[in-house]
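The following questions and answers go through one model step by step. Please keep the sequence and the coordinates at hand while reading.

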Amino acid sequence: MIIAPNITHPLPFEACKEGLISIIFVLEMLRWTHGDSGGPLHIRLQHNYKVTPFLVGLTSFGRPCGQSHPGVYTRIAPFRSWIVETLQNNGLTGLRNSDFDPADCALRHVAIRQLAISNVVTNQSGVFESFDIQRELQPSHVLHAERTDVWVRDTPVLDEKLYNVIEIHLHPNYINGSYYNNIAILKIDRSFNTLPACIWNAPNLPDRLIEIATVGRVDLIIYQYKENTIYDPSYASLTPRVYTYDNTHCLLADQYKKNLVQGLAPQHLCFGNDPFLVPEVCNLTSGGPLQRSVFRLQRHYKHVYGISLFGRDCGYGEPAVAVRLHAHMNWLESVLLPAKLSSQNSHSLDAVQFINSDLELFDRCDFYDESVGLCVPTERCRRVRQRLEQNEAMIFCGNGTIICCLPKDVLDDEQLLNDEDQQLEDCENRYESFRRRNFFISAELPQPKPHIFNHNYSNHLCIPFTILIASGTDVAPDVARMGDLNIYSDDDDEFPQQLRIVKVIRHQQHRFSAKYYDVALMQLEKNITVHETVAPACLWLDDEVRFPKLYAAGWGRTGFGEDKTNILLKVDLTPMNNTQCSKFYTSSERGLRNGLHAHHLCAGDEKMDTCPGDSGGPLHVKLLHNAKMTPFLVGVTSFGKPCGQANPGVYARVSSFVEWIIETLQKEGELATVHKFQPWTCALRYVHVREYEDDVVVSRSNNFETYDSDKAHLVGGDSRQRVDIFWENSIVPSRHNCSGVLIERDAIATLADCASHMGSTPSRVRLSNGNFINVSETIVHPKYNPAAGPYYNNIAILKLPFPVSIIPACVWYNDTIPDPQFEVIGKGRADLVGYNRDERVTTLDPTIIGISPRATLHSNNECRLAEQYRTLLKNGLQNEHICFQNKPFLVPATCDQHLGGPIEREMWRYSKYFNYAYGMNLFGRDCGFGEPAVAVRFNAHKPWIESVLLPEIANHRKSSTTGSKDEVIFIDPDLRLNDRCSYSGGVQGVCVAHDRCPSIRQRMSNGDSIIICSGGSVVCCPRTDVTSNPSEIEREFNECGQRYAQLRKQRQQQWEGFQPLRLRLPHFAEVGWEEGSEIRFQCIAYLISTRAVVTSASCLLSKEFEPTVVRLGNIRSGPQTTNIAIIPIGTVEIHPEFNQTTFENNIALLKLTLPVQPTVYMFPGCLWQNKTYSPVESAIFRGGNGFDPIHPMYVRDCNVRFARTFSDPRITCMVPGVYGTGEHCYPTGSPIIFRQNEDNNLFTEYLVNIYSHGRCNSTSLRIVHRIAMYIDWFKEVLK
């Protein structure tokens, strides 16, 4: 707001050429009003890429502000004459009324105005502007920018000639002064020598942004530089850019609404832009075009949407309206194309389109009325598009691009230029020859790059210097271009390769008059450079095409009557067998005298197809191997019916020509062999440049991809529970394709089909550790009947003479599978399985290895099985079947299922990982990749399996229906350790630790009821079965959770919200050595009893003499704490098997001279006593900074990483959960703990491992000692 003294008269305006500014105040207002009175009400208008403020009013009066009442302002316009007169009377005698004209005022200070396309930026250095316009532009330049508020000044070459109007055609429904049907046509005495625009004949516009033909003052349009203002009041042509608006949102000025009684209609086109303009910047030219340059049919064309009707300032600020030409197309055609209107009114005798496949280009053709025609390209026949749209009778010659045309309708080049029938509907083709003669070098016409060969046929590279194509063109190509997607653009020309074709070799049996053996090879001048964008495809060698979808590609036409595409397009097609395809292609067709041959392959789609121009292009499929996708050429585009009509296309089947390809290459001096074309050989040859499968691609941006190898489908490795099944060597032929699953230590589940071979049962099995075990008994499911259906009840049990050492798989006996993804156990070539990190493969490894790829569960209702399996499933899939599949197909030999091998999943249950087997492989190919495979579900056969393996339990279950037995496990939360308890039948018991009740396992095996006392480690044991009382140290270890529960509760209450409880370490201790008057604490220990701490032996022996004291309560307790205990050490017990060289058994006990008095600041931690498994989420103490996560590893993984195997179960390895390149070192003897949460900030801490040693980087595994394996030694030392 403006601050001014209390005056009652206007301040004199002392403006002059130098641009001094005056301020006009409202009379009498400032004498008593404070605030906004007298302030400006203004608008910013655009011109010269600048904005100038225009004063519209001055604040006068109003009601209390902020109450949604309008304010009243003094309008400036009525006072213009008074202002001029007053200023003249006050000394500005040279001031003229014209000085206040908008154009003059805007130009007077244009140099200092803010740019309309600038950003005002403020920083510590001050305020400055950043501009989007180049400073070096001169005023005479044509400005063309992407911003909608930037002008484009037209500088066309004007035609100075005058033309006489010979006819005027007004729309018959036009009423003078109305805005409806306001359109007319003027016919002149001769043709313009310029290219006319095309009419956009569609209801929807391709883009909201359009251009309009207008005029404006030159000096208000050009960019005005500082101190160099140009004054030029002449008018120039403009093409400003505006947006089209929906008619329902077109807010018109009142002066136009009176002539729009019915509002805007579909014949109107509303347009405009946001900024208001200084008057005279832009004025509509009535009847001027609204147009847009549209890229169609490989060219840029000016399309006119409408002509200007009314509006101000070219629609800037407030909308303007144009007449839409599309709404008047019928009337335009009636005036310009009267012949077309007559043909529309005539009745067609035969409204069908007939395709005569025997006719070819320039053949004679006969119409049904016995008139004679000529087969010519559709664009050479007058009115072909209109006739097609009107469903008139037409005859096509061979395909949809050649038509039977009456001689009088056949157009030569000159007639094509002057044909008025096609002018409106076929504008682009109509003026093509004119455009080529006069505008061939126009910047808006992109120049085509050399095609693959002259007719835009596609091809497929099969070896680095040879291309496989169709033979069906009679013009020999001379250039091949690879790796280019857009053949009319240079934007993707970084990697394409263009080579000269030195030789074309057609199949010797191919004839141009027939459609057989339509293949050829093209030899290039040299080898291509193999790259990610250019690499040879492989050939599909199998006559069976079992892929549900194949992919075709090419630069052919995009539909009937359409032109060829610039960009390589692809389409997915469905293969069709030749029997079905013969319904579309019979022996009566020209060139197919013998019908379809075995070397023909059909594929199609209801909506998509290959078209003319795609001939020779690939029909291929991408197959998976090494986490890469390799294209395999299945067919070559040969011939078909008019595209897009739901007819299948016909392709040359590549597998039928492999021998010819190899023989031809050998004749040309190439070392071509069958081995080089084998799928695995070809796939591995260029694996380093192939694209990754989608699952491993994490992200794509700016031609850069990131990958996650853990998501690859193919993973090497076998199941430890899988076994190989063998028969006696004397049985011929031998059989080696059967596997089984170890489900008990002495029992193997397999397929019933694998329980017999040549009338004999299996004699032995080979375990995963390589040991052979004889089979003692073979039991087949009693309902298995291969004659009735080999895929029903196909299960058997092989019994072994004794239990083996391998842990069997857990059988999943639930109705539902918990995770839809699981592992399928199979086998495949070693060189096709491993994850390839863009590494070139130099040697092949055909070794067959075990693999366990990921598969996905499918419901049986959605399981689309191959025909060869469906015929053997008379009753379809049942509940006993598991259907699974993976989307990609595999390169042959990548994965074959182990029949009878497990489908399994590792799961975390009961605080441990278990390997669960859902079923075993029954049938399928390629491990379920591409097409589904099926497994036998174990759960469906649970009763029979139990009857074989556990006959006592099976019989017991049968008798349980009488209610004589109670088979439940009951948990009584009210029972505690040492409480009395009882079983049915008067059996009295007591709650003891489960290890003091050896009979509890037998009760579980017998199906007797079990009572759990509160926690899972305390059971109700019959008194007669309780073992002798444990020692004091055993009770302290066993009762740790209950004995110190109250202290943990106090810890929770005392420090909740004050300090994180994880930083309170009441179990941690420090081991010290007395050195004179000082004590140095140099080892970490852990309080496991009130009488002892545990630490590493290596830390204690690293000093010259034994430690003397242990300090408790000090670690992370704070500098002011007084709750510290220092207790002398009585005895140092180093584990007797500690090896100072290998650090085996690196553990020691320190017995204290005085027992620790448990308090909330220091009390013993509990020991993890489970020897079977370790918690996954553990933490290791890293010193003063707290804890790091650390996780256990499988022993097999530890053995891989270390030279010495982990044969001692007391020692294992772990991996810290840390990342980065920094060091992560831990003190030897550091406790590794597990916190079992019970409530918020309430947990029991267990000592799981003691840290021994390891390297300090984040990826190295660390050696630890398992506490559970040393508890017996602790008890022996502390008893």
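Q: In what order do the strands of the closed barrel run?
A: In this predicted model, the barrel is closed and has six strands, which pair in the antiparallel sense. Ignoring direction, neighbouring strands of this sheet are turned by 45° against each other on average. The order of the strands is E62-E63-E64-E67-E66-E65.

Q: Over how many bridges do strand E65 and strand E66 pair?
A: Strand E65 covers residues 1109–1112 and strand E66 covers residues 1125–1134, and the two pair in the antiparallel sense. Within this pairing, arginine 1111 stands opposite isoleucine 1126 in E66. The number of bridges between E65 and E66 is four.

Q: What angle does the direction of helix H22 make with that of E67?
A: Helix H22, formed by residues 1271–1278, packs on the sheet of the barrel, where it touches strand E63 (1078–1089), strand E64 (1092–1095), E66 and E67. Relative to E67, the direction of H22 makes an angle of about 30°.

Q: Is valine 1160 buried or exposed?
A: Valine 1160 lies in the loop between strand E67 (1148–1152) and strand E68 (1166–1167). Its C-alpha is 9.6 Å from that of asparagine 1123, a residue 37 positions away in sequence. Because the relative accessible area of valine 1160 is 8%, and the cut-off is under 20%, this residue is buried.

Q: How far apart in sequence are arginine 217 and glutamate 280, which meet in a salt bridge?
A: The side chains of arginine 217 and glutamate 280 meet with an N to O distance of 3.6 Å. Arginine 217 belongs to strand E11 (residues 214–217), whereas glutamate 280 sits in the loop between strand E14 (268–272) and strand E15 (283–284), so that the pair links distant parts of the chain. Arginine 217 is buried at 9% relative accessible area, while glutamate 280 is partly exposed at 30%. Their separation is 63 residues.

Q: Which partner of the salt bridge between lysine 641 and glutamate 589 is buried?
A: The two side chains meet at 3.1 Å, N to O, and the pair links distant parts of the chain, 52 residues apart. Lysine 641 has a relative accessible area of 26% and is partly exposed. With a relative accessible area of 10%, the buried partner is glutamate 589.

Q: What is the handedness of the disulfide between cysteine 581 and cysteine 602?
A: The sulfur atoms of cysteine 581 and cysteine 602 are 2.0 Å apart, and the pair links helix H10 to strand E32 across 21 residues. Both cysteine 581 and cysteine 602 count as buried, at 0% relative accessibility. Because the torsion about their S-S bond is about -80°, the disulfide is left-handed.

Q: What is the handedness of the link between cysteine 1225 and cysteine 1256?
A: These cysteines form a disulfide with their sulfur atoms 1.9 Å apart. Cysteine 1225 counts as partly exposed at 37% relative accessibility, and cysteine 1256 counts as partly exposed at 23%. With 125° about the S-S bond, the link is right-handed.

Methods
Residues are numbered from 1 along each chain as its sequence is written. This is a predicted model: local features need pLDDT of at least 70, side-chain atom pairs count only at pLDDT 80 or more; totals for chains, interfaces and linings use all residues. Side-chain values use heavy atoms; hydrogens and water are left out. A salt bridge is a side-chain nitrogen of Lys or Arg within 4 Å of a carboxyl oxygen of Asp or Glu. Buried means under 20% relative accessible area, exposed over 50%, partly exposed in between (1.4 Å probe, protein chains only). Two strands pair if DSSP finds at least two bridges between them. Axes are lines fitted to C-alpha atoms, for helices over the stretch in contact, and angles run from 0 to 180 degrees between N-to-C directions. Contact means heavy atoms within 4.5 Å. A disulfide is a pair of cysteine sulfur atoms within 2.5 Å.
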